[in-house]
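Student: I have a chain to go through at the bench. Can we take it piece by piece?
Tutor: Yes, have the sequence and the coordinates open.

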Amino acid sequence: MKPKIEKKEPQLSFADAPKPSEQERSAAVKSMTGFVRAFAWPVHRWPAEKRICEYGTKIHLPRTYLATRGEEVLHVRRGTDINQLVHAHYMGSVENGEKEWTNFVHEDEVIMRRHEYLGPDPRVAGYSLDANGEIHIRWWDAFLKDQWSDNEKWTLNVTMDASGKWVVNEDLSV
């Protein structure tokens with residue numbers, strides 16, 4: 001007589017899951033930040049993908065690098081492609097009263113575009129939401145090797161999900 005073999009189903013338990021170390025978390029932040037930077041799109045180029053807003057809100061658009069000269073806040077309707085809105089805004093020309101600002105692209109100021117005041121190579125690395133549900137852009141400047149949002153530097157907040165994979169905690173789902 002053969003012994004009876006019972007098949008047991010695996011069970012997930014949050015109590016049994018080991019807490020990741022700070023070193024593992026730091027490695028995940030570094031890895032995911034590199035991934036986000038690699039897929040950041042240059043704001044002066046047409047965006048390759050759509051990012052549709054699922055509800056009406058506002059978007060914060062800095063005027064200069066680190067928003068030293070403030071920002072513009074625009075209303076966004078439900079169904080708007082945020083990537084196209086950001087691209088169109090920063091391809092717009094600048095008024096003459098803003099000539100004292102630092103233009104990172106060229107000094108002759110033939111046709112001044114808004115993106116030229118954000119840095120030498122500003123790229124949209126993603127978006128984040130504030131407590132009011134308003135949109136803020138995560139910028140990555142490939143030339144300066146700097147990442148910023150509004151008037152501060154940004155870092156990704158990652159956590160481990162139930163399946164043991166690292167995920168970005170504050171990614172925008174508009």
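Student: Which residue of strand 5 is the bridge partner of Ile 59?
Tutor: Keep in mind that this is a predicted model. Strand 2 and strand 5 run parallel, joined by 2 bridges. In strand 5, the partner of Ile 59 is Ile 135.

Student: In strand 3, what is the bridge partner of Lys 58?
Tutor: Strand 2 pairs with strand 3 in the antiparallel sense, over 6 bridges. Strand 2 is also mostly covered, with 5 of its 6 residues buried. The partner of Lys 58 in strand 3 is His 75.

Student: In what order do the elements of the chain run from the N terminus?
Tutor: The chain has 2 helices and 9 strands. From the N terminus on, the order is α-β-β-β-α-β-β-β-β-β-β.

Student: What share of the contacts between residues at least 6 apart in sequence joins residues at least 24 apart?
Tutor: Start with burial: 37% of the 174 residues in the chain are buried. Now take the contacts between residues at least 6 apart in sequence. The share that joins residues at least 24 apart is 54%.

Student: How far apart are the end C-alpha atoms of helix 1?
Tutor: Helix 1 covers residues 22-38, which is 17 residues. At 1.5 Å a residue, the expected span is 24 Å. The end C-alpha atoms agree with that, at 24 Å.

Student: What arc do the buried residues of helix 1 cover around the axis?
Tutor: The buried residues are Ala 28, Val 29, Thr 33 and Val 36. They sit on the same side of helix 1, because their arc around the axis is only 130°.

Student: Which strands do those buried residues of helix 1 pack against?
Tutor: First look at the other side of helix 1, where Gln 23, Lys 30, Phe 35 and Ala 38 are exposed. The buried residues pack against strands instead. These are strand 4, strand 6, strand 8 and strand 9.

Student: How many residues lie between strand 5 and strand 6 in their hairpin?
Tutor: Strand 5 and strand 6 run antiparallel, joined by 3 bridges. One of the bridges pairs Asp 141 with Asp 146. Lys 145 in this hairpin takes a positive phi near 55°. The number of residues between the strands is 4.

Student: Which residues of strand 6 point the opposite way from Asp 146 and Trp 148?
Tutor: Strand 6 spans residues 146-149, and all of them are buried. Asp 146 and Trp 148 point one way. Pointing the other way are Gln 147 and Ser 149.

Student: In the turn between strand 6 and strand 7, which residue has a positive phi?
Tutor: Strand 6 and strand 7 pair in the antiparallel sense over 2 bridges. One bridge joins Ser 149 to Glu 152. The hairpin has 2 residues between the strands, and the one with a phi of about 55° is Asp 150.

Student: Is Asp 150 buried or exposed?
Tutor: Asp 150 is not a glycine, yet its phi is positive. Most residues other than glycine have a negative phi. The relative accessibility of Asp 150 is 15%, under the 20% cut-off, so Asp 150 counts as buried.

Student: What is the relative accessible area of Ala 67?
Tutor: Ala 67 is in the loop between strand 2 and strand 3. Its phi is near 55°, a positive value in a residue other than glycine. Ala 67 is buried, with a relative accessible area of 17%.

Student: How is the ring pair of Phe 35 and Phe 39 classed?
Tutor: The whole structure holds 4 aromatic pairs. In this one the ring centres are 4.8 Å apart and the planes are at 55°, so the pair is tilted.

Student: How many residues apart are Tyr 90 and Trp 139?
Tutor: The rings of Tyr 90 and Trp 139 have their centres 5.3 Å apart and their planes at 90°, so the pair is edge-to-face. Tyr 90 is in helix 2 and Trp 139 is in strand 5, and their separation along the chain is 49 residues.

Student: Which residues do ring pairs link into a cluster?
Tutor: Tyr 90 counts as buried at 0% relative accessibility. Trp 139 counts as buried at 1%. Ring pairs link these two into a cluster whose members are Tyr 65, Tyr 90, Trp 139 and Trp 148.

Student: How far is the charged end of Arg 138 from the ring centre of Trp 154?
Tutor: The charged end of Arg 138 sits over the ring of Trp 154. The distance to the ring centre is 5.7 Å.

Conventions
Residues are numbered from 1 along each chain as its sequence is written. This is a predicted model: local features need pLDDT of at least 70, side-chain atom pairs count only at pLDDT 80 or more; totals for chains, interfaces and linings use all residues. Side-chain values use heavy atoms; hydrogens and water are left out. Buried means under 20% relative accessible area, exposed over 50%, partly exposed in between (1.4 Å probe, protein chains only). Two strands pair if DSSP finds at least two bridges between them. The expected span of a helix is 1.5 Å times one less than its number of residues. The arc is that of the directions from the helix axis to the C-beta atoms. Contact means heavy atoms within 4.5 Å. Rings of Phe, Tyr and Trp (its six-membered ring) pair if their centres lie within 6.5 Å; planes under 30 degrees apart count as stacked, over 60 as edge-to-face and the rest as tilted. A charge sits over a ring if NZ of Lys or CZ of Arg is within 6 Å of the ring centre and within 35 degrees of the ring normal.
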